Amino acid sequence: MDNIKLEDGDEESLPISELNPLPPSFKGRLNLADYSFSPTAKAKSEPSRQSPRLSSIISSPSKRKATHLTPSPSPTKRSKSRSPAGYAPPSTYAHLPELRDVLQENLICVFIGLNPGIETARSGHAYAHPSNLFWKLLHSSGCTPRRCSPTEDGDLPRLFSLGNTNIVARPTRNSSELSKGEMDSSVAVLEEKIRMCKPEAVCIVGKSIWESIWRVKRGRKIKKEEFRYGWQDERDNMGAANGEGEPGDAWQGAKVFVACSTSGLAANLKPAEKEEIWKELGSWVEQRRNERANAQAEQVVERENDQAVG
């Protein structure tokens with residue numbers, strides 16, 4: 001079966017019912033106490049292991065006379081593959097490291113990508129492929145006051161109160177090498193990440209990511225008329241906590257903004273259309289950063305006045 005093209009140019013895999021869901025690759029690793037880590041991860045030491053293909057069994061020649069040979073059975077139809085077209089198992093890129101999250105508590109916005117590409121995994125920095133528009137749109141939208149390079153991804157929390165993570169941690173060459181089941185099974189881990197660091201908002205970088213989150217949250221596929229870029233309903237907030245754990249754990253969750261994919265392969269939208277989508281988010285991020293800066297300045301003045309009075 002051919003891959004299904006998304007509106008933003010990404011490729012989808014086959015339906016969940018034809019897949020064997022893979023476990024989330026996050027594995028519960030999230031250390032929010034370490035804010036100064038290097039974003040470059042160490043490569044895995046173990047070599048890639050790929051199951052060998054079964055060789056066909058060739059029967060030995062029959063010793064019967066030709067007159068007693070039975071005719072060969074008619075060929076049967078090939079059974080439908082359970083793997084999506086283009087799907088690559090984790091062993092394919094097991095030699096490449098996973099990209100580390102850039103997360104910290106109380107950020108303004110955390111960007112949620114699909115998964116690292118090959119160039120990103122090799123470099124250890126987010127959205128590292130030259131054709132990816134992430135860093136360009138981050139600046140032109142107003143999310144950052146200047147254009148940053150992929151090597152500055154680890155400085156996003158300190159410089160701009162921004163963070164980065166992915167719905168799937170393992171790298172692939174393109175989106176068709178992932179499965180819907182793999183993405184859906186990673187949503188719960190993604191929600192836990194957001195619950196732990198509690199940003200004000202999250203930005204979903206690509207339609208297929210939001211479709212996966214929607215399927216898990218709503219238990220069904222999103223309808224065409226239900227999808228929209230931009231801010232989503234409050235009931236779709238991510239990481240919300242009902243307060244059943246420790247006192248004070250109740251949290252309404254991070255508000256959700258859905259943006260178009262920044263991949264160079266996502267060519268369905270024109271550059272001006274992508275700019276328009278991202279500017280709505282950028283205006284809000286810039287406003288919140290200015291408000292935070294003003295609040296901090298006021299706190300400094302108050303402390304100085306208190307010290308002078310004392």
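**Exercise 1. A salt-bridge network**

Task: Find which residues are linked in a network of salt bridges in this predicted model.

Solution: The network consists of Glu-200, Arg-288, Glu-291 and Arg-292. For the model as a whole, the count comes to 15 salt bridges.

**Exercise 2. A salt bridge between distant parts of the chain**

Task: Lys-193 forms a salt bridge with Asp-101. State how far apart the closest N and O atoms are, where the two residues lie, and whether they are buried or exposed.

Solution:
- Step 1. The closest N and O atoms of Lys-193 and Asp-101 are 2.9 Å apart, and a salt bridge requires a distance within 4 Å.
- Step 2. Lys-193 belongs to helix α5 (residues 187-197), while Asp-101 is in the loop between β2 (11-12) and β3. The two residues are 92 residues apart in sequence, so their pair ties together distant positions of the chain.
- Step 3. Lys-193 and Asp-101 are both buried.

**Exercise 3. Classifying residues by accessibility**

Task: Glu-152 and Arg-146 form one salt bridge, and Asp-155 and Arg-158 form another. Classify each of the four residues as buried, partly exposed or exposed.

Solution:
- Step 1. Recall the cut-offs: buried is under 20% relative accessible area, exposed is over 50%, and partly exposed is in between.
- Step 2. In the pair with an N to O distance of 2.8 Å, Glu-152 has 18% relative accessibility and therefore counts as buried. Its partner Arg-146 has 35%, so Arg-146 counts as partly exposed.
- Step 3. In the pair with an N to O distance of 3.5 Å, Asp-155 is partly exposed because its relative accessibility is 28%. Arg-158 has 62% and so counts as exposed.

**Exercise 4. Aromatic pairs**

Task: Describe the geometry of the pair Phe-111 and Phe-134, then that of Phe-227 and Tyr-229.

Solution:
- Step 1. A pair of aromatic rings is described by the distance of the centres and the angle of the planes.
- Step 2. The count for this model comes to 9 aromatic pairs. In one of these, Phe-111 and Phe-134 have ring centres 5.4 Å apart and planes at 85°, an edge-to-face arrangement.
- Step 3. Phe-111 is in strand β3 (residues 109-113) and Phe-134 in helix α2 (residues 134-140), so this pair links parts of the chain that are 23 residues apart. Both of these Phe residues are buried.
- Step 4. For Phe-227 and Tyr-229, the centres are 4.9 Å apart and the planes are at 80°, so this pair is edge-to-face. Phe-227, at 13% relative accessibility, counts as buried, whereas Tyr-229, at 23%, counts as partly exposed.
- Step 5. Ring pairs also join Phe-111 and Phe-134 with Tyr-127, Trp-135 and Trp-278 in a cluster.

**Exercise 5. Charges over rings**

Task: Which residues lie over the faces of Phe-227 and Trp-231?

Solution: Lys-207 lies over the face of Phe-227, 5.0 Å from the ring centre. Lys-255 lies over the face of Trp-231, 4.3 Å from the ring centre.

**Exercise 6. Helix α6**

Task: Check the span of helix α6 (residues 207-218), then find how many of its residues are buried.

Solution:
- Step 1. With 12 residues and 1.5 Å a residue, α6 should span 16 Å. The C-alpha atoms at its ends are 16 Å apart, which agrees.
- Step 2. Of the 12 residues of α6, 9 are buried, so the helix is mostly covered. Among them are Lys-207, Ile-209, Trp-210 and Trp-214.
- Step 3. Gly-219 follows α6 and has a positive phi, near 75°.

How values were computed
Residues numbered from 1 in each chain as written. Predicted model: local features only at pLDDT ≥ 70, side-chain atom pairs only at ≥ 80, totals over all residues. Heavy atoms only, no water. Helix = DSSP H or I, 4+ residues; strand = E, 2+ residues; numbered from the N terminus. Expected span 1.5 Å × (residues − 1). Buried < 20%, exposed > 50% of the residue type's maximum accessible area, 1.4 Å probe, protein only. Phe/Tyr/Trp six-rings, centres within 6.5 Å; stacked < 30°, edge-to-face > 60°. Lys NZ or Arg CZ within 6 Å of the ring centre and 35° of its normal. Salt bridge = Lys/Arg side-chain N within 4 Å of Asp/Glu carboxyl O.
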